[in-house]
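Student: Could we go through this structure together? I have a few quick things to ask.

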Amino acid sequence: MKALITVFLWILINCYLPGESMEFQLTFDGARRLRGFTLYSSPALSAGVSCRLDPGDGPYVSAGLNTSVFSIGHLTDTGIAAEVRNPDFTVLSRLSERTFYKADLRAESFSRLGLVLMSPSYRTGVAWERREDIDAGIIWAVPAVNDSWSMEMLGEAGILRDSVSDENWYPESSWRAGGPFGVVALRLRQFSSSETGGLTLIGSGGVDLRPGWLMALSYSYATGPWRVRGRAVYSSLYFRNADGEKLELPAGGSFDWRYRPSLGLQFTLDYEGGIDTRYSDEGSAAVGWRFGETQISVKCKWNRVFSNNLQGDEPACSSIKGVMIWDRKYLHLGLSGKLIPHEDWFLRLDGAFPSHGRWLMEPYAEFHGKINGDEYVPLLNLKLKSRWNIGSNRLIISLFFGDLGRDREDWPKSAGNLEAEIRWIQKFR
């Protein structure tokens, strides 16, 4: 089936079809891998084919297709479809998302191979997909919706292919039987121009797994420079998500608070905390100021705020980051630095400027190192990116060199040490 999908879509996107754009990309990295993709877009459909060549291995090819009523390939999801897979209290964006499935046209694998049939408005649909641990059939519907509220329902039934168990007395992952498994979910949302609130109820169970349930309350408020979001989750002992996995923390809550005007003081505040056998939490805070074209900020992240969940010598402060940015039309200059106590640090300088004619250069240099007591190893990352607009078309070339200074011999040693990319976007309209 994978081969048939790939061949069909390769023929499709290489035929002349009236559309909006064609995109080609070719990448070579430090592991001597060659990757490329072709992407075709039009008002009626979008299709893509990706290929990866590894040294000593045969080619791996994947493909995807999206239309307003049908998708096939490596699937991604949003809304309640994503919430049943990851209903954790830290996911604050689910409330504002509509429910639908689409194929990721740039995916380099079929790790979530599936196909979807849906209505053009995304109010109803059915899907089949093969994920890492489950073969599942999904059906969703939005039976009621108006200008201020909506009701969404989703059901998923599948087969957990493998059981998860461990012979150790304290297994690393919770035990799970294979076999038939399913989830059902209901989400009610109320929304206005600035506020959105929602309630999600999810039930799970299987032939060899006990029934469980989860309830989540979410809220979002955004107007002008202000944004506040929050989410609280409580689940039963035996609840499992749509992949048959237990939640790491069955109960908890989180919120983020943003104030970002065009000028003056800016700040952010994030916090999340959950309960299992004990309470654990983490958070971050940032403060900054925008002076027209210039912006400065300092952000601090914490491994704990009110709890005492530290292990060994882990510091309470997980990182400190500072940023200074200057922008004026096509000109950009940024300086940022980050320190993770007892682990590593980095200092980055990046910019963007017209170099000649229609070329736009976007270079950056990053110095980083590992901290081990009083010792550190300085390293250097360099990236050069160029964009050339040719009419309505665009050519993008980028070169990345990583960990310079450590791999003195036989460089590069890994995929992350080198990447060369060329990309061409051709507009038809």
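What follows is a short conversation about the overall makeup, some strand pairing, the nonpolar core and one threonine.

Student: Before anything else, what kind of model is this, and what is the mean pLDDT of the protein chain?

Tutor: It is a predicted model, with a mean pLDDT of 86 for the protein chain and 87% of its residues at 70 or more.

Student: And where does pLDDT stay under 50?

Tutor: That happens over residues 166-171, a stretch for which the model has two contacts beyond four places in sequence.

Student: OK, the overall makeup: how many helices and strands are there?

Tutor: The protein chain has two helices and 26 strands, and of its 429 residues, 43% count as buried. If you take contacts between residues at least 6 apart in sequence, 46% of them join residues at least 24 apart. The chain exposes about 23500 Å², of which carbon and sulfur atoms supply 59%.

Student: Let's look at β7. Which strands is β7 joined to by bridges?

Tutor: Strand β7, residues 113-118, runs antiparallel to β5, residues 70-78, with five bridges between them, and β7 is also antiparallel to β8, residues 124-130, through six bridges. On the β5 side, Ile 72 has Leu 115 as its bridge partner, while Val 116 is partnered with Ala 127 in β8.

Student: What lies between β7 and β8?

Tutor: Five residues separate the two strands, which form a hairpin, and Tyr 122 in the turn has a positive phi of about 65°.

Student: Switching to the core: which residues have the most contacts inside the largest one?

Tutor: The largest nonpolar core has 28 residues, and those with the most contacts inside it are Val 84, Tyr 101, Val 116, Leu 154 and Leu 214. At least two residues of this core come from each of α2 (80-85), β7, β9 (134-145), β10 (149-160), β11 (179-191) and β13 (209-223), and β9 gives the most, with four.

Student: What is Leu 154 in contact with, beyond its sequence neighbours?

Tutor: Leaving aside residues within four places in sequence, Leu 154 is in contact with Ile 80, Ala 81, Val 84, Ile 138, Ile 139, Trp 140, Val 183, Val 184 and Ala 185.

Student: Last one, Thr 268: buried or exposed?

Tutor: Thr 268, found in strand β16, residues 264-275, has a relative accessible area of 9%, so Thr 268 is buried, given that the cut-off for buried is under 20%. Beyond four places in sequence, its contacts are Trp 257, Arg 258, Arg 260, Ser 284, Ala 285 and Ala 286.

Key:
Residues numbered from 1 in each chain as written. Predicted model: local features only at pLDDT ≥ 70, side-chain atom pairs only at ≥ 80, totals over all residues. Heavy atoms only, no water. Buried < 20%, exposed > 50% of the residue type's maximum accessible area, 1.4 Å probe, protein only. Contact = heavy atoms within 4.5 Å. Areas by Shrake-Rupley, 256 points an atom, 1.4 Å probe, with all protein chains shown as cover. Pairing = 2+ DSSP bridges. pLDDT = per-residue confidence, 0-100. Core = buried A, V, L, I, M, F, W, Y, C linked by side-chain atoms within 4.5 Å.
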